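This report describes a molecular structure for a reader who is new to the subject. Please examine the sequence and the structure below before reading on.

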Amino acid sequence: MAAWWVVPPLVIVLCFVVYPLIRVCLESTKPNDAKPDSSTWSDVLGSQAFLDALWRTVAIAVTSTLGCLILGTFLAIVLAFVPFPGAQLVGRLIDTVLALPSFLITLAFTFLYGSAGAVNAAIASVGGGDAPMLDFLYTPAGVIAAEITFFTPFVIRQLLASFAVLPRAQLDVAASLGASPLRVLRSVVMPEAWPALMAGGSLVLLLTLNEFGIVLFTGAKGVMTLPVLIYTRGIVTFDLPGAAVIATVQIVLSLALYVSYRVVFARVMQGRGKGDVDVVVDQAK
Amino acid sequence: MLLWTKRSRAALLVAFTIVVVVVFVAPLATVVLAGLAGSWTGALPSNLGFAHFGDALSGENLASLSVSLQTAFVSGGIALVLGTWAALAARSAPAWLSRVTDAVFHLPIAVPSVAIGLGLLIAFNERPLLLGGTRWIVILAHAVLVLAFAFSAVSAALDRLDPAYRQAAESLGASPLQVLTRITLPLLLPALGAAAGLAVALSMGELGATVMVYPATWKTLPVTIFALTDRGQAFQAAACTTILLVVTLLALVLLGRIRGRAALR
């Protein structure tokens, strides 16, 4: 009897999550009202706007993920192995970023790095010159910078968790045998961190592919990604079938990545007594 | 412990501080400062004052804050009940069913929130369940998105729970209902509090699914903030974002403090 208690919540989620996603796929097969003779799929997939957005979404996601991995590794190593007063406070701050809305970062960047922003004004007052020195905000580079800021904490959380199970004695032994700090990092710390980097990296890749707020708040025509394209097609121009095609492509892309993430994560957690993806999300607390 | 010389250690900490300040502190501080600023044309903001915060807490912006709070608490509550139920029940379900539950409940994290919003818009804009154009479609979207996090948090907490308490109660003759209400749920209370805080925080900042489904009568604070930046009222947007930030942090801290007697072991 107790075995079937899980069915009611499962049915609710099937109705309110799985069914709408299936409806998106079905909607994409409907013909477009404006052009009833051609299929919506070939119409959208052949359009330059879609191809540009697809390429840009992937490029931004991959670059941001690499940036997060590099920055996150540096910060996590310092937090874990170079104790200093206030380390806990910094850890809290980085945790907090996880629960904040992502568009906050773009908003802050417009005041900091916008063409009339604080940094440009500071540079102008020191060096003179009229043209703003920093002008990357409305380019893919601006989105990448914002995404690195917002998603690096996910990598840090993963790495800190893996460093926590690394026995301190291993580091001390390696160091006492004459290994330089860099050598200790390379041959003792990093092999342990590698699976966590893989898991953190694929999670961040998934989240950056799906990121919406940061790109929407940038508001630039030049950085249209797939999620923003779904929004403009569906809501601004009210072309639901067209939006559904893009959404279907994005859902397939994200699900493929999610499945591979779970496979990687299951491998990372093997032998640690945890067999589930839950721990990642749990860390977000 | 890595053996650093004093100098290299100091250099490393300086680099670390610069990175943390530039990457994490500066954006948060900037939004708060911009909310206070009357104008910001130089390196530092000028005409500091609380005028924008006054506006952020009156009229349409206050209405949005209230909409966001109602949405967050209602959808967070639904998600927490459903997520806890599913996480508890999945334990005693057959292995295959438990795996299916896990996969399905994590689905909203994996797909973009805009796609979830589009799906709800298409699926519930018709009878028998006509939700489009009402506040309920926004609440439903938030509940769906937050559900995955609630389920995850409770599942992870259940993994850490010592089964000895439950087994002891069962061996003393407690019924399954008694075990649930007297043992499992009290032990889970801190995790439930933290999950509720996270749920409210995530719902307060949700934008992707909301912009797809919201009716004009139920505008959440992030939607209003987006409209403000779109109209060029960046300072007002910053003030509203600061309010959003404060409320989110309060929810995280207050709900995270729920401990109950069980945690005092």
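## Confidence in chain A

Among the elements of chain A, helix α3 (residues 48-81) of chain A has the highest mean pLDDT, 93, and helix α13 (residues 278-283) of chain A the lowest, 42. Here pLDDT is the predictor's confidence in each residue, from 0 to 100, while helices are DSSP runs (H or I, at least four residues) numbered from the N terminus. This is a predicted model, in which local features need pLDDT of at least 70, side-chain atom pairs count only at pLDDT 80 or more, and totals for chains, interfaces and linings use all residues. Residues are numbered from 1 along each chain as its sequence is written, and chains are lettered from A and ligands numbered from 1 in the order in which they are written.

Chain A averages a pLDDT of 84, and 88% of its residues score at least 70. Over residues 273-285 of chain A, pLDDT stays under 50. Where pLDDT is low, the predicted coordinates should not be read in detail.

## Contact between the chains

In total, 80 residues of chain A are in contact with 79 residues of chain B; contact requires C-beta atoms, placed from the backbone, to lie within 7 Å. On the side of chain B that touches chain A, helix α1 (residues 6-36) of chain B gives the largest share, 13 residues.

## Domains of chain B

Chain B is divided into domain 1 (8-49) and domain 2 (51-264), with bounds from an automatic or database domain assignment. Their contact takes seven residues from domain 1 of chain B and eight residues from domain 2 of chain B.

How values were computed:
Contact = placed C-beta atoms within 7 Å. Helix = DSSP H or I, 4+ residues; strand = E, 2+ residues; numbered from the N terminus.
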